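Trainee: Hey, got a minute to go through this one with me? I'd like to start with the domains.

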Amino acid sequence: MNPLPALVLLPIAGGGVAWLAGRSRMAAALRVHDAPWRIALMTLVLETLVLLVATLRHPAHAEPWMAHFSMPWVPTMGIAVRLDMDGLSLALIWLSLILCLACLFLATRQVMANGGVFHFLLLATLAGVIGTFLATDLFLFFFFWELMLVPMFVLIAVWGHEDRQRAALKFFLFTQGGGLLMLLSILGLVMMHYRADGVLTFDYFALAATPLSPTVSMLLMLGFFAAFAVKLPVVPVHVWLPDAHTQAPTAASVLLAGILLKTGGYGMIRFNVMLFPDAAARFAPLAMGLGVAGILYGAWLSCSQDDVKRLIAYGSISHMGFVLLGIFSSSPMGMEGAIVQMLAHGLSTGALFLVAGSIEERMHTRDMRRIGGLWAAMPRLSSAGVFFAVASLGMPGLGNFAGEFLVLLATWHVSPPVAVLASVGLVLSAIYALRLVNSIFLAPQGGSLQPMADFPARQMMALGCIMAFLVVLGLYPQPFMTFSAPSSPFPTTAAGREGHAS
Amino acid sequence: MTLHDTFLPSPLLVLSAGIMLMLAGMAWRRSVVRGLSIGLVTELVALGMVTHHTGTVPDGSMGLFIQDHWTAFTAMLVLFSSACILLMSWRDLTDDGARPAEEYPLLLLLGTLGATAMVFSASYVPFFLGLEIVGISLMGLVAFNHRHFMRGCEAAMKYLILSGLSSAVLLFGMGLAYALTGSLRFAPPIPADGMPPAMAMVATVMILVGMFFKLSVVPFHMWLPDVMEGAPLPVAAFIAVVSKIAIFSTFVRYFGTGSLPPALNGMLYAVIILTILGGNLLALRQSSLTRLMACSSIAHVGYLLIAFLSPGPLQPGVITVYLVAYTVSTLGVFAVMCACSPSLSPNGAAITQWGGLFFTRPFMATAMSLMLLSLAGIPPGIGFFAKFGVAATGVARQRDLLLGALVTGSIMGLYYYLNIIRVMMKAPATPATKTAWRMEPELTTLVIVLTMIVVIGGLFPARIIHPFLPG
């Protein structure tokens, strides 16, 4: 059996069951107040098993594309359900699952108001994200791209904090605006292919071979770039991010920072660079400029935030600048660095949001000036917080360092001044991360601090797993780099892919 | 002409028979439920007979009526929508037992007859007759607002005057066309020898303007929000769906799907851009849901015209899907509005009154959100595929300006649709007061059916794509 459709459908189905279990009548019948949570957990465990199968089924003769699934959908328009998995998508799906599991362990069990719907939306977002990572039909990709917005919008708008509705609307509008430009690009590419070949298809592999004039390929690439730049985010279109991350409930913040931003990076690798290599190369100087701007601007703003979540959110913008820099550095090393950075940022920032959410839940504020001296009261939580803050400032030996170092090295070959500027961002990131550590965990405690529940052992175990991943990623990134390399869409591999599918 | 020579599509016969039956019933004894039932049965029977006809098919293009895939498809849409609208009105009419208002289903059936006649017409005569039947019955229906009699009357007067004006322009254009060609055949006039070519242009433009009035395309859109706001909710749905589909169907029949005269092309370009931007900008500022739906329907006609203006292999299927998506989603929104309106103030007008619907009536709120998302073009609604198709036809013909308008309009549209969803998600200030909901089986069923069409059509659109356009 092919595991790919199951990977997408399972979370939706599990979410539906969780929703039903959360209905008040059902909950009364089940006599478990957290039935939706349990069902969501079971779904994720099942999903992990399916993914494990998919990972281990990797055929002996190493092929870049590991699994393939295809089924006609709208044959008259050449649209099909095509799912393909390569190392990059596999790595990112693993990241999504790990973060989702951590979310369930740390943040969602206490969601009492409409817990069933909450878990359904969480899993639906996950399904949409996994779908975008797998889809190799451009229509299907766009379908999932849009589909994951809706549950996230509802999650922010209903379960978020004080200014949630404005933030949710902003998030949706920005992403959708970029998405529509991408739609036009997708259609433009399909039509160019139709004119050249007379075949109407949305197949990624077929479209990759479309002959394009330089101007057209540049235009089409920019359309894709617009959508991914909003998601990543790249600096002029990052405005939605701090609001959305700050206002979202903890679990949604984790998904946003940990996974949704990665869909932007994934799209840039899979579509911008792979489909339009020449245009991407010509666009690279500008993209790298935007990347450096993001690194410096995000870090600079992060230094002057008082809101914990906002600080982390601006830090994310800065880190994603490295991803952009790496992707467009036009070297394999930069690409590997960008991927490692995506994985490490997903883990460390996701975990930081979990910690920040737990703090907020206990202290009822996100204002760093009013929180202080948590180390004494909650040593476990604080140590976790310190670990992830240090990880995100790029401490050698942890994943983020490996990613940033590779990106900087690759950038240095292309343009030393850019690399120098980007390393200034590292200094700034040390400032904001240490400021976070100092004022929350280490500073003398401000007001009277009620004794508060620390993280229980189970939650520490979940965080411990994330820490272990970060350490491995930092100390020995080579297997991850070879494992998660994106595969090329070009005919030689496509032929092999078809052979494997049969 | 003997009976043998007449060619009549069956739905027209069925509808006329239903109207006669209803009139006879009224003369005997008045009963709203009977009137509504007759209306519903008539429409369902007509729906089943859209591909049937009596008499022989005329050879050539001489007949009054025509019957092909396109008529079958649009007539089905018209009859289906009309049946839905009857169901939506059921509760309000039967509630008012003191004054049995059988005229309402009668007028509704009459309006449906007019719309169906337009759909089947292959000549100016049945087209104009149908148009006027729709116009006159709508005037009565719009004024049928029991709760706000004055407002209904005002809206009806507005509709009467503007509809009369546009009919006059249309009629003048037809007259010119007849003078030029000496034929009532339903096609843009091609001047005979010795006739000034400018006259053909004038005739076409006048007919176009008349149709644009009825389609409420910017700059002829002013009447639509006012009339829809004054009308009872189901009638507003009738204006937004049935009459627009009938007009659009004849519009496509008239101008064909080939290329328009180049001068008209430029005009249509401008009109489409104005319509999309104008409709969406107007909708941004509305505080009443009915008016907002009116403005959004203006914008949707603009999107539809993009597909009309971009002939290509994709076009027929895309127009089909778009019409289905627009019809079903709009009907769905109005059905939910009808279901929730008793608890809201008159006509469920102000958007702010929808606050907290997710907490008081979660099912209705979910259905409403799905419909709105479908209108906004977000998956999993069928509207997503429809908008995707429109963009595809536009890209295929490189309509860059129109695509720009489409993107801008869609983003604006997303804002006001999401805004409604946002309002519905607002936690109610007071803890949810359990209002006694009356069981409304017909409305609930209707909403369920429409929601299923929207979602299933959105997930498996392949079944709906059929090239139905007239050749």
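Mentor: Sure. Keep in mind that this is a predicted model. The domain assignment splits chain B into domain 1 (1–168 + 224–255) and domain 2 (257–471).

Trainee: How far apart are the C-alpha centres of those two domains of chain B?

Mentor: They lie 23 Å apart. In the contact, domain 1 of chain B puts in 39 residues and domain 2 of chain B puts in 42 residues.

Trainee: And what area do domain 1 and domain 2 of chain B bury between them?

Mentor: About 3600 Å², with 75% of it on carbon and sulfur atoms. On the domain 1 side, Met88(B), Arg91(B) and Leu233(B) supply 21% of the buried area, more than any other three residues.

Trainee: How many salt bridges are there between those domains of chain B?

Mentor: The count is 2 salt bridges. Glu229(B) forms one with Arg291(B), where the closest N and O atoms are 3.0 Å apart.

Trainee: Which element gives the largest share of the domain 1 side in chain B?

Mentor: That's H3(B), with 14 residues. By class, that side has 25 nonpolar, 5 polar and 9 charged residues.

Trainee: OK, switching topic. What about chain A against chain B: how many residues does the contact take from each?

Mentor: It takes 34 residues from chain A and 34 residues from chain B. The buried area there is about 3100 Å², and carbon and sulfur atoms give 84% of it.

Trainee: How many salt bridges between chain A and chain B?

Mentor: The count is 0, though 3 residue pairs are in polar contact. H8(A) gives the largest share of chain A's side, 15 residues. That side has 26 nonpolar, 6 polar and 2 charged residues.

Methods
Residues are numbered from 1 along each chain as its sequence is written. Chains are lettered from A and ligands numbered from 1 in the order in which they are written. This is a predicted model: local features need pLDDT of at least 70, side-chain atom pairs count only at pLDDT 80 or more; totals for chains, interfaces and linings use all residues. Side-chain values use heavy atoms; hydrogens and water are left out. Contact means heavy atoms within 4.5 Å. Buried area is the accessible area (1.4 Å probe) that two parts lose on being put together, summed over both. A salt bridge is a side-chain nitrogen of Lys or Arg within 4 Å of a carboxyl oxygen of Asp or Glu. A polar contact is a pair of N or O atoms within 3.5 Å; within protein, one must be able to donate a hydrogen and the other to accept it, and residues adjacent in sequence count only if both atoms are side-chain atoms. Helices (H or I, at least four residues) and strands (E, at least two) are DSSP runs, numbered from the N terminus. Ala, Val, Leu, Ile, Met, Phe, Trp, Tyr, Cys and Pro count as nonpolar, Asp, Glu, Lys and Arg as charged, and the others, Gly among them, as polar. Domain bounds come from an automatic or database domain assignment.
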